[in-house]
Amino acid sequence: MKTAIVTDSNSGITQAQAKELGITVIPMPVLIDGEQYFEDITLSQEEFYDKLKADASVSTSQPSSYEVSKLFKSLLNEYDDIVCIPMSSGLSGTCQSLTHLARTNFAKKVYVVDNQRISLTQRQSVMDAIKMAKEGKRAKEICKYLTDTKMISSIYIMVDTLKYLKKGGRLTPAVAMIGTLLKIKPVLQIQGDKLDQYAKVRKLVDAKATMINALKKDLETRFKEYADAGKISLAVAHTQNLNEAERFAQEIKEIFPNLEISYIDPLSLSVSCHIGPGALAVACSIKY
């Protein structure tokens with residue numbers, strides 16, 4: 001490939017997987033009680049949840065522009081150009097920072113894709129970029145395709161506990177307390193650059209049914225053209241809930257037998273720190 005592919009660890013692609021795929025994954029910094037860690041390098045998923053459950057102060061940060069600049073320079077010694085696919089600009093300032101860096105120091109060499117995705121759908125963008133690069137397409141063309149198709153994706157997430165939404169300031173204490181007493185499991189959605197509430201349910205079975213129905217609606221309306229053409233990929237994610245995620249994936253396969261489930265992955269830590277363990281998610285996105 002003449003074009004290098006770069007993403008960040010919000011994509012769910014591990015450092016080991018990145019080596020197999022021939023791409024580069026920038027580890028996202030995670031701040032825990034004031035100490036900086038790097039996802040999948042100095043901080044594992046298990047360590048992260050141990051600290052989260054122990055009520056540590058957890059937040060995410062942006063990668064160092066200096067370190068990213070060094071990375072780009074190193075890759076440009078081997079490749080002609082670079083496509084960089086960070087998490088959604090609506091969920092982090094990382095995309096804007098990388099775009100500024102690319103325009104200022106690497107014009108026409110580094111193309112940063114603001115395709116407003118995260119986790120499972122961001123990973124699909126990376127896989128699409130790899131295929132296009134192998135076909136000989138250059139960074140500018142890959143960037144245009146990923147930008148043009150950015151909104152052909154959805155993520156639905158069931159949150160098992162309201163504790164972390166409250167902690168992150170997304171719920172008032174009163175609403176969180178009422179929700180906990182009623183054992184409400186909110187279903188959230190990520191459409192483009194927003195994380196919003198989609199529905200409120202009380203049981204896991206209802207949450208899964210809600211997500212499947214939302215997915216079905218997308219496939220029969222907004223994404224019908226692509227689903228009919230076999231251009232939609234499904235994926236399932238979780239936060240420390242692999243067994244339930246595998247069961248959920250099987251249920252989805254039975255309902256959508258003609259669609260492939262590409263991945264069953266842990267959700268990225270930048271999402272997990274807001275929703276906590278026990279979550280389930282399903283995503284659909286166009287595939288190249």
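Ser97 sits in helix α4, which covers residues 94-105; helices here are DSSP runs of H or I with at least four residues, strands are runs of E with at least two, and both are numbered from the N terminus. The model is a predicted one, in which local features need pLDDT of at least 70 and side-chain atom pairs count only at pLDDT 80 or more, while totals for chains, interfaces and linings use all residues. Residues are numbered from 1 along each chain as its sequence is written, and side-chain values use heavy atoms, with hydrogens and water left out. With a relative accessible area of 27%, Ser97 is partly exposed; buried means under 20% relative accessible area, exposed means over 50%, and partly exposed is in between, for a 1.4 Å probe and protein chains only. The C-alpha atom of Ser97 is separated by 7.6 Å from that of Ser65, although their positions lie 32 residues apart along the chain as a sequence separation.

Two loop residues deserve a look for their backbone angles. Most residues other than glycine have a negative phi. Asp55, in the loop between α2 (45-53) and β5 (58-60), has a phi near 65°, a positive value in a residue other than glycine. Asp55 is partly exposed, at a relative accessible area of 47%. Lys108 is found in the loop between α4 and β7 (110-112), and its phi is likewise positive, near 65°. Lys108 is exposed, with a relative accessible area of 74%.

Helix packing comes next. Two packed helices are described by the angle between their axes and the distance between the axes. Helix α9 (residues 204-220) packs against helix α11 (residues 242-255) at an angle of about 45°, and their axes are 11 Å apart. Axes are lines fitted to C-alpha atoms, for helices over the stretch in contact, and angles run from 0 to 180 degrees between N-to-C directions. The pair α9 and α11 is therefore oblique, given that angles under 35 degrees count as roughly parallel, over 145 as roughly antiparallel, 65 to 115 as roughly perpendicular and the rest as oblique. The crossing of α9 and α11 is right-handed, that is, the near helix is turned clockwise from the far one by less than a right angle, whereas an anticlockwise turn would make a crossing left-handed. On the α9 side the contact (heavy atoms within 4.5 Å) involves Leu204, Lys208, Met211 and Ile212, and on the α11 side Glu244, Phe248, Glu251, Ile252 and Ile255. This contact of α9 with α11 has six nonpolar, no polar and three charged residues; Ala, Val, Leu, Ile, Met, Phe, Trp, Tyr, Cys and Pro count as nonpolar, Asp, Glu, Lys and Arg as charged, and the others, Gly among them, as polar.

Helix α5 also has a packing partner: its axis and that of helix α6 (residues 139-148) come within 10 Å and cross at roughly 145°. The crossing of α5 and α6 is right-handed. Ser125, Asp128, Ala129, Met132 and Ala133 of α5 meet Glu141, Ile142, Tyr145 and Leu146 of α6. By class, the residues of this contact are six nonpolar, one polar and two charged. Arg123 belongs to α5 as well, a helix of residues 119-134. Arg123 is buried, with a relative accessible area of 7%. Beyond its neighbours within four places in sequence, Arg123 is in contact with Ser11, Gly12, Ile13, Gln17, Tyr263 and Asp265.The interior can be described through its nonpolar cores, each a set of buried Ala, Val, Leu, Ile, Met, Phe, Trp, Tyr and Cys residues joined through side-chain atoms within 4.5 Å. The largest core has 47 residues, and Ile5, Ile232, Leu234 and Ile252 have the most contacts inside it. Helix α9 gives the most to this core, with six residues. Leaving aside neighbours within four places in sequence, Ile232 is in contact with ten residues' worth of partners listed as Ile152, Leu219, Phe223, Tyr226, Ala227, Leu259, Cys284, Ser285, Ile286 and Lys287. Another core, apart from this one, has 20 residues, including Ile118, Leu120, Ile190 and Ala237.

Ile118 is found in the loop between β7 and α5 and is buried, with a relative accessible area of 2%. The C-alpha atoms of Ile118 and Met87 are 5.0 Å apart, with 31 residues of separation in sequence. Asn241, in the loop between β11 (232-238) and α11, counts as buried at 18% relative accessibility.
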